[in-house]
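Trainee: Could you take me on a close look at the part around the ligand? I would like to see how that shell ties into the rest of the chain.

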Amino acid sequence: MRVTLKLATSLDGRIATASGESRWITGEAAREQVHRLRALHQSVLVGIATAIADDPQLTVRMPGFFGPQPLRVVLDSRQRLPSESHLVREAKRLPTLVLTTTVPDKGLTDAGVTVVRVAEQEGWPDLRESLAVVARHQAALSSQGLAPVQAGTDAPSSALLIEGGGQVAASFLKAGLVDAIEWFRAPMVLGNEGRPAVGDLALGRLAEAPRFRRVAVHELGDDLWERYERL
Ligand SMILES: NC(=O)c1ccc[n+]([C@@H]2O[C@H](COP(=O)([O-])OP(=O)(O)OC[C@H]3O[C@@H](n4cnc5c(N)ncnc54)[C@H](OP(=O)(O)O)[C@@H]3O)[C@@H](O)[C@H]2O)c1
């Protein structure tokens with residue numbers, strides 16, 4: 001599966017203030033582009049801290065889009081996803097998957113959320129197994145015509161968009177699982193106390209840093225959209 005990391009940051013690579021406020025760092029044109037990106041992916045994933053802080057819908061909302069919505073995925077070891085969140089409230093209508101390391105919670109499954117327990121790695125759901133579970137669910141939805149498809153393009157039929165936050169971004173980068181980065185950068189500075197776009201990577205040497213090649217840069221209003229592919 002192709003994995004793309006989307007980041008919407010300040011100039012200094014922060015995704016939220018220290019208090020967790022992140023709406024909106026980037027402008028409208030960048031946000032519209034994120035909806036287009038979602039429509040090109042079969043799944044969209046966030047960490048539980050983002051699900052709690054932002055209460056996102058993780059849906060494609062743009063004029064002229066009537067296709068199936070991407071599978072919404074949350075990495076949530078202890079199933080803290082609130083029952084009143086958009087993700088849970090709409091789970092009977094929109095496919096929603098929680099990857100956890102604990103026994104599936106009946107409250108979530110009754111609400112229509114698919115909860116899958118995977119092996120634990122360093123206290124969190126194992127990422128490779130998680131990707132395999134996502135791929136399986138994507139394939140099942142695709143076979144029922146319930147996943148986004150890009151007719152006539154060479155886009156991969158199995159693609160995941162990671163939409164944060166910083167800890168989840170760091171985990172995927174550390175594991176070498178990020179194929180591409182879509183980086184939206186707004187002309188503001190949030191300082192060292194802001195939440196980092198990428199959490200700790202525990203790098204000892206520069207040679208260990210994940211490296212990417214820039215393939216495009218676009219201006220979107222006041223923001224920049226930089227596109228990277230893994231080297
Ligand atoms: N600017 C933007 O576009 C944007 C986008 C997204 C988020 N944000 C902001 O970012 C903040 C949240 O980011 P964050 O870095 O604090 O948290 P996060 O990455 O959203 O979530 C981290 C949590 O996810 C769970 N998790 C499960 N598996 C994991 C894994 N393999 N790797 C990492 N975490 C895993 C862990 O909780 P458990 O141990 O309970 O499982 C962990 O504490 C919020 O303030 C939000 O507003 C901004």
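Mentor: Happy to; we will start at the ligand, follow its surroundings outwards, and finish with some unusual backbone spots. Keep in mind that this is a predicted model.

Around the ligand there are 30 residues, and those that come nearest are Gly47, Ala49, Ser77, Gly164 and Gly165. By class, the shell holds 13 nonpolar, 11 polar and six charged residues. Several elements supply at least two residues each: β2 (14–16), β3 (43–47), α2 (48–54), β8 (124–125) and α6 (166–174). Of the elements, α2 gives the most, with five residues.

Let us stay with Gly165, since it is one of the residues that come nearest to the ligand. Gly165 sits in the loop between β9 (159–162) and α6, and the peptide bond that joins Gly164 to Gly165 is cis, with omega about 0°. As background, most peptide bonds are trans.

From Gly165 we can step to Arg195, which is 30 residues away in sequence, with 8.9 Å between the two C-alpha atoms. Arg195 belongs to strand β11 (residues 195–196). Is Arg195 buried or exposed? Arg195 is buried, because 22 other C-beta atoms lie within 10 Å, and the cut-off for that label is 20 or more. Leaving out residues up to four places away in sequence, Arg195 touches Arg14, Ile15, Ala16, Gly20, Gly165 and Gly166. Three of these names, Arg14, Ile15 and Ala16, fall in β2 (14–16), which also supplies residues to the ligand shell.

Now follow α6 inwards. Its buried residues are Gly166, Val168, Ala169, Ser171, Phe172 and Leu173. Ala169 and Phe172 also appear, with Val74 and Ile162, among the residues with the most contacts inside the largest nonpolar core, which has 49 residues. Ile162 shows how the pieces meet: beyond four places in sequence, it touches Val3, Thr4, Leu5, Lys6, Leu45, Val168, Ala169 and Phe172. In soluble globular proteins, nonpolar side chains tend to be buried together. Just past α6 comes Gly176, with a positive phi near 70°.

Stepping back to the whole chain, there are six helices and 13 strands. The radius of gyration is 17 Å, close to the 17 Å from the globule rule for 231 residues, so the chain is as compact as a globular protein of that length. Buried residues make up 38% of the 231 residues. Among contacts with a separation of 6 or more, 71% join residues 24 or more positions apart.

For contrast with the buried α6 residues, look at strand β12 (residues 212–220), which is hardly covered: among its nine residues the count of buried ones is zero. β12 runs antiparallel to β13 (residues 223–230), and eight bridges join the two; Phe212, for instance, has Arg230 as its bridge partner. Two residues lie between the strands of this hairpin, where Gly221 takes a positive phi near 60°.

Finally, a few backbone details to check in your viewer. The bond from Arg23 to Trp24 is cis, with omega near -10°, and Trp24 lies in the loop between β2 and α1 (28–39). Glu122, although not a glycine, has a positive phi of about 55°; its place is the loop between β7 (120–121) and β8. Glu122 counts as exposed because it has 6 C-beta neighbours inside 10 Å. Ala202 is not a glycine either, and has a positive phi of about 55°. Ala202 lies in the loop between β11 and β12 and counts as exposed, with 8 C-beta neighbours inside 10 Å.

Definitions and conventions
Residues numbered from 1 in each chain as written. Predicted model: local features only at pLDDT ≥ 70, side-chain atom pairs only at ≥ 80, totals over all residues. Near = placed C-beta within 6 Å. Helix = DSSP H or I, 4+ residues; strand = E, 2+ residues; numbered from the N terminus. Nonpolar A, V, L, I, M, F, W, Y, C, P; charged D, E, K, R; others polar. Core = buried A, V, L, I, M, F, W, Y, C linked by C-beta atoms within 7 Å. Buried ≥ 20, exposed ≤ 12 C-beta atoms within 10 Å, placed from the backbone. Contact = placed C-beta atoms within 7 Å. Rg over C-alpha atoms; globule rule 2.2 N^0.38 Å. Pairing = 2+ DSSP bridges.
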